[in-house]
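Q: I'd like to go through this model and ask what its labels really rest on. Let's put the numbers beside the cut-offs.

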Amino acid sequence: MITSEYNRDQLETIFGVRQFLGRLSRSRIGQINRWIKPYLRFRADVAEFQATHFSEICTQKCFTNQSSACCNKEGIATFFADVVVNVLLSSDQEIDSLLDILSKDRGGFKCVYLTENGCLWHLKPIVCEMFLCKHAKDAVLEKEDVLRSQWEKFCLRETRYTWPSRPVLFDKLEAVFIQDGFHSPLMYFHNSPGLLRVKNRSIKKHTKAPF
C-alpha cells in the first residue's frame, strides 16, 4: 500500500525515536524525563481545564457530529518533541498501534490517529491540545471572563515550551537528537524558516555589541 508523505514522515519519526531512545542509557533517559516534567504538569493542567469546561461540547461538535475542522485528515501538525514525549510515556503496544495505523491508513476525511475510541496518542500533540474552534470559544470563553483569562494564561504558558524567542523544551529536544546524528522532517525548530527567524531575532536581541 502506498502511504502519503504525511504518514511516512510520522511513521519514520515515531519508529526512529523509539529505536533511538531504546539505545540510550538509563541515566540519559532519566535526564530527559526531568526536562519534560514541567511540560507534563502544564499538559495536565490544560487537560483538566478542557475536561471540565469543553468535554461535553467538543464531544458533540467534533467527535459525534464530525463537523469540526480540528481533526481533519493530515491537518494535525506534530512537532518532533511531541513524538519524543509521547514515545517516552507510551507502552510498546501503544506505539505499535500508531505505527500500524500509519502503515495501513486508507485515507478518508479524519485524522489518521482518530479512532472510534478517540485519539491513539498517549499524550496528543500540543497543537491538538491547544486548539479551540470558534464554536467552542463562543460557547464557553466568551461567556465567562474568568475562563477566558485562564485560557489566555494557558496559551502564554504554552509559549514557554514551544516559542523559540528564548531557549524552550521543544527546540532543546530536537538539538539533543541532532547532536547524536538523528534527523527528522518533523524537526521544525531547526528547519522551519519562520521558527528560525524567531530564534535568530532572539539571538541578535540578546547579543551585546562589543562597544
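Q: Why is the crossing of α1 past α5 called left-handed?
A: Handedness goes by which way the near helix is turned from the far one: anticlockwise by less than a right angle is left-handed, clockwise is right-handed. α1 passes α5 in the left-handed way. Before we go on: this is a predicted model, where local features need pLDDT of at least 70 and side-chain atom pairs count only at pLDDT 80 or more, while totals for chains, interfaces and linings use all residues. Residues are numbered from 1 along each chain as its sequence is written, and side-chain values use heavy atoms, with hydrogens and water left out.

Q: What makes α1 and α5 roughly antiparallel?
A: Their axes cross at roughly 155° and come within 9 Å. Axes here are lines fitted to C-alpha atoms, for helices over the stretch in contact, and angles run from 0 to 180 degrees between N-to-C directions. Under 35 degrees is roughly parallel, over 145 roughly antiparallel, 65 to 115 roughly perpendicular, and the rest oblique. So the pair counts as roughly antiparallel. As for the helices themselves, α1 covers residues 5–23 and α5 residues 92–104; helices are DSSP runs of H or I with at least four residues, strands are E runs of at least two, and numbering starts at the N terminus.

Q: Which residues in α1 and α5 meet?
A: From α1 you get Asn7, Gln10, Leu11, Ile14, Phe15 and Arg18, and from α5 Asp92, Ile95, Asp96, Leu98, Leu99, Leu102 and Ser103; contact means heavy atoms within 4.5 Å. By class, this contact has seven nonpolar, three polar and three charged residues, with Ala, Val, Leu, Ile, Met, Phe, Trp, Tyr, Cys and Pro as nonpolar, Asp, Glu, Lys and Arg as charged, and the others, Gly among them, as polar.

Q: How do you know that α2 and α9 are roughly antiparallel?
A: Check the angle again: their axes cross at roughly 165° and come within 11 Å. The pair therefore earns the roughly antiparallel label, and the crossing is left-handed. On the α2 side the contact has Arg28, Ile32, Trp35, Ile36 and Tyr39, which meet Leu169, Phe170, Lys172, Leu173 and Val176 in α9. Sorted by class, that contact comes to eight nonpolar, no polar and two charged residues.

Q: And what makes α2 and α8 roughly antiparallel?
A: They pack at an angle of about 155°, with axes 11 Å apart. Hence roughly antiparallel for α2 and α8, with α2 passing α8 in a left-handed crossing. The residues involved include Phe42, Val46 and Phe49 of α2, along with Trp151, Phe154 and Tyr161 of α8. The contact splits into nine nonpolar, three polar and four charged residues.

Q: Why does Val46 count as buried?
A: Buried means under 20% relative accessible area, exposed over 50%, and partly exposed in between, using a 1.4 Å probe and protein chains only. Val46 has 0% relative accessibility, so buried is the right word. This residue sits in helix α2, residues 26–53. Leaving aside neighbours within four places in sequence, Val46 is in contact with Glu129, Met130, Trp151 and Phe154.

Q: Why does Glu129 count as buried?
A: Glu129 has a relative accessibility of 5%, and therefore counts as buried. You'll find Glu129 in helix α6, residues 126–130. Residues that Glu129 touches, beyond those up to four places away in sequence, include Val46, Ala47, Gln50 and Lys124.

Q: What joins the side chains of Glu129 and Arg43?
A: A polar contact, at 3.2 Å. The term takes a pair of N or O atoms within 3.5 Å; within protein, one must be able to donate a hydrogen and the other to accept it, and residues adjacent in sequence count only if both atoms are side-chain atoms.

Q: Why does Lys153 count as exposed?
A: With 56% relative accessibility, Lys153 therefore counts as exposed. Lys153 belongs to helix α8, residues 145–162.

Q: And Cys111, out in a loop: why does that residue count as buried?
A: Its relative accessibility is 8%, so Cys111 counts as buried. The loop in question runs between α5 and β1. Cys111 touches Cys71, Asn72, Lys73 and Ile76, not counting residues up to four places away in sequence. Cys111 and Gly75 are 36 residues apart in sequence, and their C-alpha atoms are 7.1 Å apart.
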